[in-house]
Amino acid sequence: MNVLETACRRAIAYRLSIGNRKVRPERSYAQMRLDFAEPLPENGSPDEAVIKQLADLGEAGLMQVVHPGFFGWVMGASSPVSVAADWLVSAWGQNAAMHHSSPTAAAVEETAAGWLTEILDLPRESAVGFVSGGTLASFTALAAARGELLRRIGWDCEAFGLFGAPPIHVFVGEDVHTSVLSSLRYLGFGAQRLIRVETDDQGRMRGEDLARSCASVCGQKLIIAQAGQINTGAFDPFLQLAEIAREVGAWLHVDGAFGLWARADPQLRAMTEGVEMADSWVVDGHKWLQVPFDSGYAIVRDAAALQSSMATRASYLPTQDMNDRVPSYLVPELSRRARGLPTWAALKSLGRAGVVRMVRRHCDLARQIAHDLGSVAGIRVMNDVVLNQIILRFGEDSDSVEARKSLATAVIDLLVDEGQIYVGGALWRGEWVMRISVISADITEKDAKAASQAIVSAWARISASLSEDERSTGLSGR
Ligand SMILES: Cc1ncc(COP(=O)(O)O)c(C=O)c1O
């Protein structure tokens, strides 16, 4: 058992060393491949030596996602309490498939499911499936949607699949998250036959265009909205979309992987108004709730529809009462780690008030960063900072789009290399922008100020390095 203590010691030492590390990995993927490349060992090694080698070699290739200077993608910071619960999950070796295989896992998951619908204020009768993340949560909820929409017109999708089935028209906003497209693909909807709905300058679906598109086709309809656009953090107009969905008898699904947490906060809640009228929702634990990775929730109002699409039965599996909450009847997997436990621990530790404080603080800090940077010559905040996402353009109107892309890339590369913070880039409305996602659990006002200063300093150096010629020729040489 010393091996568990070794792992625990190394994990704690790593977390304590975070402030002294660069945010980016010290060593690249190419270097790490070489470090780990070795033939399959013919003979084993002592357990402690194995873990020591993994930690000694592995730490150099870690992205410091738990660092308060990490602003990349949209990733939570694996809070200590939920990591500790996750350690128990692994050490206990429980399979969360059934009540019989782990009464503890089933019971804790059930409580956590109730807490989730309560804190997000979604219909309490909804079923919650604990899956590996937002992509699988969309897959799971949309499988329920597919089955139910076809069942309503007399087609048993679970029995006969999609071969010869009546069509379902799927509506997505132009700025839908790519993971939704993946889940639709896995479900046989096909990426090319989706109906794209126009969005506004923040990426919000235009209700009028959705209504028009819905009126242009006959048959069953599935509308996919989002709470928290990946770049801008914007929310779709749910009241309007829900009304359209009701009128045309559509299933309304909401991808709220990170943004739906705003609903917990009375000050931010207005942006989510009407979202409760949807039929299914996706939220991640491994984003704003700070649960370690492998944590997403598929929340479906019609629990029976979810069970019909997911339940697994076999003679060797104990019969379970459909009136009880059977964990594996709500997710694609049978065997599964007890994902509910870290979520339970995070919610128990934070409480409703702790979640609200954290989400609000992150949004306040995002506004502060946007405010600090928005007044700097040559930097433009490209979104309305309504949540925790900021996107920045670098360069002047007189520079070409290509030149501005070069500038943004140079600033991002410099910042990443220096390692005080980590930020990424993305294409937004034809413009290459820096993305800043404020989501790290422990980030303070001081960290946010330091991040703004780092960006200003990097921008000053990049812009000073341009010659007059480069500037006037649109930086074409860059
Ligand atoms: C809005 C949104 N939806 C879905 C996802 C996919 O979630 P996951 O990476 O947990 O599969 C993400 C991930 O960043 C996201 O931001």
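Below is a short conversation about how some features of this predicted model get their labels.

User: Why is serine 78 called buried?

Analyst: Happy to walk through it. Buried means under 20% relative accessible area, and serine 78 has 12%, so serine 78 is buried. This serine lies in the loop between H3 and H4.

User: What makes the phi of serine 78 worth a look?

Analyst: Phi of serine 78 is near 45°, which is a positive value in a residue other than glycine.

User: And why does aspartate 294 count as partly exposed?

Analyst: Partly exposed covers what falls between under 20% and over 50%. Aspartate 294 has 24% relative accessibility, so partly exposed is the label. The residue is found in the loop between strand E6 (280–284) and strand E7 (296–300). Its phi is near 90°, again a positive value in a residue other than glycine.

User: How do you know that helix H12 is not straight?

Analyst: Good one! Set the expected span against the value in the model: a straight helix of 35 residues would span 51 Å at 1.5 Å a residue, but H12 (residues 340–374) spans only 41 Å between its end C-alpha atoms.

User: Where does H12 bend, and by how much?

Analyst: At glycine 351, by about 90°. That angle is taken between axes fitted to the seven residues ending there and the seven starting there.

User: What makes a set of residues a nonpolar core here, and which members of the largest one touch the most others?

Analyst: The members are buried residues of nonpolar types, joined through side-chain atoms within 4.5 Å. The largest nonpolar core has 50 residues, and Leu210, Trp261 and Tyr297 touch the most other members. H12 gives the largest share of this core, six residues. Apart from it lies another core, of 37 residues, including Ala366 and Trp459.

User: How do you know which residues line the largest pocket?

Analyst: Lining residues have an atom within 4 Å of a pocket point. For the largest pocket, 14 residues make up the lining, and Ala7, Cys8, Arg10, Ala11 and Trp87 lie nearest its centre. Helix H1 (2–16), helix H3 (47–58) and helix H4 (80–92) are the elements that give two or more residues to this lining. The largest share, six residues, comes from H1. As for volume, the largest pocket has about 500 Å³.

User: What is the make-up of that lining by class?

Analyst: There are eleven nonpolar, one polar and two charged residues in the lining of the largest pocket. In this scheme Ala, Cys and Trp count as nonpolar, whereas Arg counts as charged.

Key
Residues numbered from 1 in each chain as written. Predicted model: local features only at pLDDT ≥ 70, side-chain atom pairs only at ≥ 80, totals over all residues. Heavy atoms only, no water. Helix = DSSP H or I, 4+ residues; strand = E, 2+ residues; numbered from the N terminus. Expected span 1.5 Å × (residues − 1). 1 Å grid on protein atoms, 1.4 Å probe; cavity = no way out; pocket = protein on both sides within 12 Å on 5 of 7 lines; lining within 4 Å. Points joined across faces, edges and corners; volume = space filled by probe spheres on them. Buried < 20%, exposed > 50% of the residue type's maximum accessible area, 1.4 Å probe, protein only.
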